[in-house]
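Here are some notes for when you have the model open. They are short points, meant to be read next to the structure.

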Amino acid sequence: MTWLINILLSIGAFVFMEGVAWFTHKYIMHGFMWRWHRSHHRVHPHPLERNDLFALVFSLPSIALIMIGYNYPNFGWIKFIGFGIMAYGIFYFIFHDVIVHRRIKIPFKARSKYLKRIIRAHYVHHETHTKDGARAFGFLYAPKKYEKSKD
């Protein structure tokens with residue numbers, strides 16, 4: 001039964017992270033940390049951007065929870081929350097950096113309605129190059145309004 005609880009902790013943390021990512025993207029990245037995030041809304045010739053520092057910052061809770069879980073047996077369960085956060089970070093990297101922004105070149109064409117919708121939502125987000133006025137702040141979820149109409 002413990003393994004089921006651990007799996008549910010990881011899945012719960014993964015799902016919760018979409019809300020954390022949405023909130024952070026809207027109110028922190030497009031708020032007081034725009035100075036870092038602005039680099040992501042501009043075309044540039046170099047492979048890295050200041051916005052990449054967020055990946056380092058967001059990895060810290062995952063690392064800390066995993067370390068606590070392994071080093072303190074009474075809190076062993078907490079590492080599974082760290083694994084869920086880590087899994088979200090991996091999915092985020094694959095979706096955002098590889099599939100959407102093609103920072104790593106791989107042959108890929110979105111075929112599913114889900115992938116097409118979240119990619120389109122991200123492109124809608126990038127139509128705005130300023131701190132204010134952006135839409136679609138999620139990463140792995142986008143409302144159906146971002147589906148392309150068949151008109």
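**Rings, core and helices**

1. Start with the aromatic cluster: Phe14, Tyr88 and Phe91 are linked by ring pairs. Bear in mind throughout that this is a predicted model.

2. For the overall picture, the protein chain has 5 helices and 0 strands, and reading along the sequence gives α-α-α-α-α. The C-alpha atoms fill a box of roughly 55 × 35 × 30 Å along the principal axes. Among contacts with a separation of 6 or more, 53% are between residues 24 or more positions apart.

3. On exposure, 38% of the 151 residues in the protein chain count as buried. The accessible surface of the chain is about 10,100 Å², and carbon and sulfur atoms account for 69% of that surface.

4. Now the inside. Which members of the largest nonpolar core touch the most other members? They are Tyr88, Phe95, Ile119, Phe139 and Tyr146, out of 22 residues in that core. At least two core residues come from each of α1 (2-32), α4 (78-100) and α5 (113-125). The largest share belongs to α4, which gives 7 residues.

5. Phe139 deserves a look of its own. Leaving out residues up to four places away in sequence, Phe139 touches Glu18, Ala21, His25, Tyr88, Tyr92, Phe95, His96, Ile118 and His122. Two of these, Tyr88 and Phe95, are also in the list of core residues that touch the most other members. Tyr88 turns up in the ring cluster with Phe14 and Phe91 too.

6. Back to the rings: the count of aromatic pairs comes to 9. Take Phe23 and Tyr27, whose ring centres are 5.1 Å apart with the planes at 45 degrees, so this pair is tilted. Both residues belong to helix α1, and because they are 4 residues apart there, about one helical turn separates them. Phe23 has 45% relative accessibility, so it counts as partly exposed. Tyr27 is partly exposed as well, at 42%.

7. Compare that with Trp36 and Phe54. Their ring centres are 5.1 Å apart and the planes are at 65 degrees, so this pair is edge-to-face. What does the pair tie together? Trp36 is in helix α2 (residues 34-37) and Phe54 is in helix α3 (residues 53-71), so the pair joins parts that are 18 residues apart in sequence. Is Phe54 buried or exposed? Phe54 is buried, with a relative accessible area of 5%, whereas Trp36 is partly exposed at 23%.

8. One charge and ring arrangement to check: the charged end of Lys79 sits over the ring of Tyr70, 4.6 Å from the ring centre.

9. Last, α5. This helix has 13 residues and reaches 18 Å from its first C-alpha to its last, close to the 18 Å expected at 1.5 Å a residue. Its buried residues are Leu115, Arg117, Ile118, Ile119, Ala121, His122, Val124 and His125. The cover over them includes α1, α2 and α4. Ile118 and His122, both buried in α5, are among the residues that Phe139 touches, and Ile119 is one of the core residues that touch the most other members.

Technical notes: Residues numbered from 1 in each chain as written. Predicted model: local features only at pLDDT ≥ 70, side-chain atom pairs only at ≥ 80, totals over all residues. Heavy atoms only, no water. Core = buried A, V, L, I, M, F, W, Y, C linked by side-chain atoms within 4.5 Å. Buried < 20%, exposed > 50% of the residue type's maximum accessible area, 1.4 Å probe, protein only. Contact = heavy atoms within 4.5 Å. Phe/Tyr/Trp six-rings, centres within 6.5 Å; stacked < 30°, edge-to-face > 60°. Lys NZ or Arg CZ within 6 Å of the ring centre and 35° of its normal. Areas by Shrake-Rupley, 256 points an atom, 1.4 Å probe, with all protein chains shown as cover. Expected span 1.5 Å × (residues − 1).
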